[in-house]
Amino acid sequence: MSVSVWQQRPGKADHFRCDVAVIGAGIVGAYTAFSLAAEGKQVALVESRFPAAGATGRNAGMSLMGAADNYATGVARFGRQGARHLWELTRENQAKTRSFVEKFQTPSVKSGSYILAIDEAESALLAEAYALMRQDGFAVEFSKADPFGRGFGSAIMQPDDFGLDPVALVQALIEAAQPQVKLFAPAEVFAIGRGNGGRLVVEARGITVECDRVALCTNAYSPLISPYFADKVAPKRAQILLTAPLGRRVIDRLAYMNYGYEYFRQLEDGSFLLGGGRSYHRELEVGYDEMATGWLQATLEEILHKYFPDIAREAPIVRRWGGTMGFSVDGLPLAGQLPYVPGAFAPVEKPFVPAGEYETVPTPVDAEPSGIYFAVGFTGHGLGWGMVTADAMLGMLLGRASEAGLFDVRRLGNKTPGLPY
Ligand SMILES: Cc1cc2nc3c(=O)[nH]c(=O)nc-3n(C[C@H](O)[C@H](O)[C@H](O)COP(=O)(O)OP(=O)(O)OC[C@H]3O[C@@H](n4cnc5c(N)ncnc54)[C@H](O)[C@@H]3O)c2cc1C
């Protein structure tokens, strides 16, 4: 994320003037740019690689209600009111996503999902989660026995969950926002400063954007843009394997198992997708490299053989991949305004501390508001709550709200709690 003086001589870049620069064209950046266009804004969408190059284009494409592995855990972590509010927000996010998928006719499967237990302790927790969800008005069903008959425990069924193609959705959002959204890609942003006259100047390879506001939609990559994020968002790798198409339907729903650490779905062409396994390799599955690693893929294969030996026998694995998720320090997304204009990107100075409460280095604060807003830190659930977090950011960016509610970064104060994952 750095550019040498030789690579970017003054005057070489084209100049573009607009109202807002959105940085990062994942699901959150595409949705943000689309929403700003709907408000009549002229927008530059600046992406270092190509749309959906990051986690958005590498995920499992599962739109799930919920903000943690199950509702009982959510209640224990966020309190009853907090959990209910969070789950309602994810339901709102899901309705938005569904409306886009239907409007743009991008691929999706209305299958519902199972949250599956892998042992008795998780089965008991899911029974508790189900009872709490019903009391709080969530339309879910419960099965004491494994609905797949493959050695799982109890299951919660969430009928409104669905599968989607996240790349197609991002492309459709960007296309629908033409001509008000101008996409610059590949164009890696390497500095944000203030120009003459006080406007913000976003410098990227090949393009300089002059604008009034910036929306950072860079999730895991945010600490590379400003050290402000270094103790708030950490890059964690997630991986997936995919088999060749099977000649039959094996499962008819999306599924999430082992406290959400593993997930699987059968795609429309019959191929079987299995992801997760990072809880077995926590220390190694960090950083920005999107590679598939031998140790984690071996774990995924073990899981495949344990629960789906027939699939392992019938269909070879044809693809393996990794992606970078941005985990926030307390597990909830972060929205707000940067307290200062970062200038040329500095090296990360405040390392992410994964456990324990500690005082952060005081953050510099500019005398005037920076005008740089952000929606980041989706902790593996960006399809679940990315849009509602972007809405909270947009409320501030458009001057309609002074805070971002539950997702407001100021909840962290100057103390950063330990990461619960
Ligand atoms: C394997 C895997 C499986 C997952 N499965 C699911 C799932 O089923 N359901 C779910 O809800 N979530 C899932 N997630 C998480 C989900 O993909 C993310 O939370 C979500 O995609 C985050 O979206 P985003 O737009 O914030 O970030 P990203 O998609 O990462 O987009 C950020 C963009 O910013 C760009 N960028 C970075 N730095 C710069 C710069 N300096 N200049 C310009 N551009 C820059 C990047 O290239 C990238 O395109 C999964 C993630 C992975 C990796």
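This is a walk through a predicted model, from its ligand site to its two open sheets.

Start at the ligand. A shell of 37 residues surrounds it. Glu47, Thr56, Met62, Gly382 and Leu383 are the closest of them. By class, the shell holds 19 nonpolar, 14 polar and 4 charged residues.

Oxygen atoms of the ligand meet the protein backbone at several points. One ligand oxygen is 3.1 Å from a polar backbone atom of valine 28. At alanine 55, a backbone N or O atom also lies 3.1 Å from a ligand oxygen. At glycine 384, the distance from a backbone N or O atom to a ligand oxygen is 3.3 Å. How much of the ligand's accessible area does the protein cover? On its own, the ligand has 1000 Å² of accessible area, and the protein covers 98% of that.

Next, see which elements build the shell. Those that give two or more residues are helix H1 (27–38), strand E15 (233–243), strand E19 (317–328) and helix H8 (382–397). H8 provides the largest share, with 3 residues.

E15 and E19 lead on to a sheet. It is open, has 8 strands and runs in the order E7-E8-E6-E16-E17-E18-E15-E19, with mixed pairing. Which strands stand at its edges? They are E7 (141–143) and E19, and each pairs on one side only. From one strand to the next, the twist averages 20°.

Look closer at the E7 end. E7 pairs with E8 (residues 155–158) in the antiparallel sense, over 3 bridges. Phenylalanine 142 has isoleucine 156 of E8 as its bridge partner.

Helices pack on this sheet. Helix H3 (residues 120–135) touches E6 (113–116), E7, E8 and E16 (254–257). The direction of H3 makes about 40° with that of E8. Helix H6 (residues 294–307) touches E15, E16, E17 (262–266), E18 (272–276) and E19. The direction of H6 makes about 50° with that of E15.

Now turn to another open sheet. This one has 5 strands in the order E1-E13-E12-E11-E21, again with mixed pairing. Why is one side of E1 and of E21 left without a neighbour in the sheet? E1 (14–17) and E21 (343–344) stand at the edges and have a single partner strand each, so one side of each has no neighbour there. Strands of a sheet pair through backbone hydrogen bonds, either parallel or antiparallel. E1 and E13 (residues 207–211) take the parallel sense, over 4 bridges. Within that pair, aspartate 14 has isoleucine 207 of E13 as its bridge partner.

Technical notes
Residues are numbered from 1 along each chain as its sequence is written. This is a predicted model: local features need pLDDT of at least 70, side-chain atom pairs count only at pLDDT 80 or more; totals for chains, interfaces and linings use all residues. Side-chain values use heavy atoms; hydrogens and water are left out. A residue is near a molecule or strand if one of its heavy atoms lies within 4 Å of it. A polar contact is a pair of N or O atoms within 3.5 Å; within protein, one must be able to donate a hydrogen and the other to accept it, and residues adjacent in sequence count only if both atoms are side-chain atoms. Accessible areas come from the Shrake-Rupley method with a 1.4 Å probe; for residues, only the protein chains shown count as cover. Ala, Val, Leu, Ile, Met, Phe, Trp, Tyr, Cys and Pro count as nonpolar, Asp, Glu, Lys and Arg as charged, and the others, Gly among them, as polar. Two strands pair if DSSP finds at least two bridges between them. Axes are lines fitted to C-alpha atoms, for helices over the stretch in contact, and angles run from 0 to 180 degrees between N-to-C directions. Contact means heavy atoms within 4.5 Å.
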